Structures are given as structure tokens and as C-alpha cells.
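Here's a quick tour of one protein model, taking in loops, a sheet and the nonpolar cores. Have a look at it first, then read on.

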Amino acid sequence: MAQSQEKITEEALVSRRSRLLGAKSQLFYDEPVHLVRGEGVWLYDADGRKYLDAYNNVAHVGHCHPHVVEALCRQASLLNTHTRYLHTAILDYVERLTATFDASLSTAILTCTGSEANDIALRMAQAATGRMGIIATDATYHGNTTAVSQLSTRMPPVGGRAHNVRLVPAPDSYRHPDTMANGKAFGDAVREAIASLAKDGIGLSGIILCPLLANEGFPTLPNGFFDDAMRVVREAGGLVIADEVQPGFGRTGSHFWGHQRAGFVPDIVTMGKPMGNGHPIAAVVTSRDTLATFRNAFRYFNTFGGNPVSCAVANAVLDVIEQENLVANARDVGAYALGLLRPLADRHECIGEVRGAGLFFGAELVHDRKTREPAPDIAEHVANRMRHRGVLMGKTGIHGNVLKIRPPMPFSRDNADFLIGVLDDVLGEVGGVKA
């Protein structure tokens with residue numbers, strides 16, 4: 001009887017949500033999780049059950065971290081206003097943030113979301129070049145404003161793709177390893193896109209990409225993979241935009257920023273969710289000249305971007321990353337987790353390739369290793385069964401078949417032991433086991 005009442009309550013909540021937020025307001029999992037509390041790497045539902053959070057880069061330094069919460073409360077009780085008044089919090093934070101970049105990247109605009117940041121980045125490139133053309137991969141996601149939603153292939157834009165957008169094939173390290181050798185194939189695709197923009201009289205403003213190619217399934221990229229593409233973009237007078245929403249703030253373990261790990265210096269960097277541990281703050285970092293050109297071309301103001309409370313929160317996040325050595329933790333625990341994950345491929349035929357960097361790792365699932373047929377259905381089953389076993393994770397990739405494990409940065413070796421152990425069991429249930 002109690003279970004029946006629980007189900008009715010859940011159904012009623014989903015029904016109410018659909019009525020108020022729209023029938024297609026997205027929820028994770030076949031049976032949605034009703035969360036009410038979070039602490040560290042753990043989340044708790046309305047019945048008190050706890051889940052290991054292996055998905056959220058939102059709570060970058062852990063859910064409800066006391067230092068971040070205290071900073072938010074302290075500043076909220078003192079002052080919160082916008083940046084048309086002077087306040088030092090935004091200046092102190094931008095100085096501290098830009099100190100993590102190459103010296104050329106020394107100025108910033110603070111926003112509320114990564115979508116806003118990427119929208120501004122596109123306009124910065126347009127202002128700096130006087131041209132409109134933008135290049136992205138054909139399996140990416142950079143946000144949901146009108147401009148950046150044009151870069152996503154998940155949902156075709158109403159009225160068709162904008163004339164100034166060119167999408168190049170996303171690299172696939174599993175099916176086409178030969179094209180991954182030196183990035184030449186990717187560079188050639190960018191060349192073709194630039195030529196197409198020129199032929200249509202549009203011209204190139206820049207290229208935007210996630211240095212980890214996270215939504216593309218975070219393929220295994222060799223050192224210098226992006227060099228050829230970066231070179232041809234700059235030869236054509238375009239700017240390079242690095243979307244660091246997913247790999248930034250030390251997640252890859254080896255570097256503070258994904259583009260540093262990938263070995264290039266972008267002209268513009270964007271960041272979002274992890275910056276404020278889920279508090280709505282994001283940013284665009286660029287050079288003085290690029291920012292000045294943007295300011296001259298656009299009258300931009302954001303009421304909440306860079307407000308004192310948001311800056312206090314973001315500053316506290318940097319405190320925690322430093323004080324708790326979370327970048328080193330990402331390196332250590334990420335390598336440990338991959339060491340546990342790789343042997344699973346010897347037992348489960350559905351694992352085609354194991355990959356990752358730091359605390360962003362997973363595996364590509366297939367129906368057949370010989371044909372390398374993608375298995376998005378298995379990935380979906382795995383994510384749902386993991387949820388029922390108390391682990392929250394997701395899936396991503398060109399074919400939607402890559403298990404996506406991206407936990408908060410305090411994730412530990414013990415957490416990794418638990419996660420991989422459960423995953424081993426679940427893969428045996430849904431994907432078949434080698435004889």
C-alpha cells in the first residue's frame with residue numbers, strides 16, 4: 001500500500017510538472033528522481049534514499065559546500081546590486097580568474113549562464129572580424145539562445161539552419177582512428193567550411209568548440225589534434241572560442257582548463273555552471289582588444305551578471321578548489337577510476353572503448369565489436385538501472401551511446417570503487433558477458 005501511495009505521489013508530481021512547465025520539460029530516467037537534499041557527492045530523494053552523484057559538474061566542489069554556502073549568505077546579507085555601481089568583488093574575482101589563463105586573456109564579462117556567455121562570444125568574434133560565419137562540430141551543444149541553438153543538431157532550428165553556420169564532422173576515435181592521427185582530417189573539414197563561407201560571401205568570424213569535445217563523446221584526442229584547425233582559422237582571420245563549461249576548473253586533472261590540456265590558446269573562453277557551484281554565474285574571458293571592440297560594437301549590459309553575491313560565491317569556489325587540492329584529486333581519482341573501468345571491457349562485450357580524462361570518463365557501448373554498431377539502447381538501460389542501484393550518471397556522444405561519468409570534484413577512490421562495482425553488475429545484466 002505504501003508503495004502504491006508513493007507511485008501515485010510521483011505520478012501526481014510529474015503530472016503537475018507537465019501541466020505547469022510543459023509536457024516535454026525534460027526529466028532524467030524512466031522513473032524520475034525527486035531530490036530534496038544534497039551533500040558533497042551525495043544526493044537524497046524524498047524518501048531519504050541516497051544516490052552517488054556521478055553526473056553533475058554543476059555542484060563542482062560538492063553539493064552545498066559549507067564554505068560556498070557561507071560566502072553566499074554573508075554577501076547576501078550585506079549587499080546585492082548590479083555592476084552599474086562600483087563594487088570591488090567583481091574586480092577581485094576577475095583578477096583571480098584571469099590569472100589562471102595565458103597572459104593574453106586578461107579581461108572578462110560576467111553573465112548568468114553559459115548560453116549567455118557563448119552568445120556573447122559569437123558576437124565578440126563578429127565584432128572583431130566584421131564577418132558572421134561560425135564553425136562548430138555536428139554533434140555539439142553550446143546553449144539555448146537563438147544564436148547558439150543554431151549550432152546544435154539535436155533539434156533542427158525552425159525555418160532551417162542559419163546561413164552563417166557551418167557544422168563539421170565530429171571526430172570519432174573509435175570508428176575512425178586513422179583520422180585522429182594528427183587532426184589533418186578535422187583541419188581539412190574546417191578548411192572546406194571556411195571556403196564555403198567565403199563562396200557564399202559570408203566570411204569567417206570564428207570556430208567554437210569544447211576542448212574535450214564532451215558532447216561529442218569525449219573521443220581520445222592525440223596531442224596537437226586541434227593545431228591544424230586552429231592554424232587555418234587564424235589564417236582566415238577568424239577567432240578561436242573555447243567553451244570550457246564542461247572541462248574547465250580543473251576537471252581533466254592535468255590542467256585547470258581544457259584548452260591548456262589540448263595545447264592551444266584561444267582568443268575567447270567561455271564558462272558556466274561549475275563556476276558558481278550551481279549558482280547562476282558564467283563568464284566570457286578574452287583579450288583587452290577583443291573586449292574593447294565588442295564594447296564599441298554592442299551596447300551590452302547584464303543586470304545580474306557579476307553581482308556581489310555571485311562573485312562572492314564564485315570566489316569561494318576557487319578557494320575550495322585550491323584548499324582541497326581538487327585538481328590533483330581529479331587527476332588521481334580519474335586515473336584510478338579508468339584503471340578500474342578498463343578491465344570491464346574484458347568481461348562485457350558491449351564495451352567498445354573506454355576513455356576519459358580526470359573526473360570525466362566513461363565508455364562507448366556497442367552491439368557488436370566487429371561492426372562497432374552503436375548501442376544507445378544499452379546505454380539508456382544502463383543509466384536507468386544505475387539510478388535504481390543508487391548511482392546517477394548519464395549518456396552522451398555522436399550516437400548517444402557513450403556512458404558519461406562526470407561527478408563533483410571531491411569524488412574519491414572509495415566512490416569510484418562503489419560506482420565501478422555497480423556498473424560491472426549492471427553491464428552483466430543488460431549488455432551480455434563474455435563467455
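In which loop does Leu 213 lie? Keep in mind that this is a predicted model. Leu 213 sits in the loop between β7 (204–209) and α7 (227–235). Its backbone is a bit unusual to look at: phi is positive, about 50 degrees, although the residue is not a glycine. Asn 277 also has a positive phi without being a glycine, and you'll find Asn 277 in the loop between β9 (268–271) and β10 (282–286). Here are the two of them:

| Residue | Phi | Relative accessible area |
|---|---|---|
| Leu 213 | about 50 degrees | 0% |
| Asn 277 | near 55 degrees | 13% |

Both values in the last column go with burial: Leu 213 is buried at 0%, and Asn 277 counts as buried because its 13% falls under the 20% cut-off.

Now for the cores. The largest nonpolar core has 66 residues, and the ones touching the most other members are Leu 97, Phe 249, Met 271, Met 275 and Leu 365. Helix α10 (residues 308–323) gives this core its largest share, nine residues. Take Leu 97: leaving out neighbours within four places in sequence, its contacts are Phe 249, Trp 257, Met 271, Met 275, Ala 283 and Val 285. Another core, of 24 residues, lies apart from that one and includes Leu 197, Leu 204, Ile 207 and Val 232.

Finally, the sheet. Four strands make an open sheet with mixed pairing, in the order β1-β2-β3-β14. At its edges are β1 (35–39) and β14 (391–392), each pairing on one side only. Strand β3 (residues 50–53) runs parallel to β14, and two bridges join them; Asp 53 has Leu 392 in β14 as its bridge partner.

Key: Residues numbered from 1 in each chain as written. Predicted model: local features only at pLDDT ≥ 70, side-chain atom pairs only at ≥ 80, totals over all residues. Heavy atoms only, no water. Pairing = 2+ DSSP bridges. Core = buried A, V, L, I, M, F, W, Y, C linked by side-chain atoms within 4.5 Å. Buried < 20%, exposed > 50% of the residue type's maximum accessible area, 1.4 Å probe, protein only. Contact = heavy atoms within 4.5 Å.
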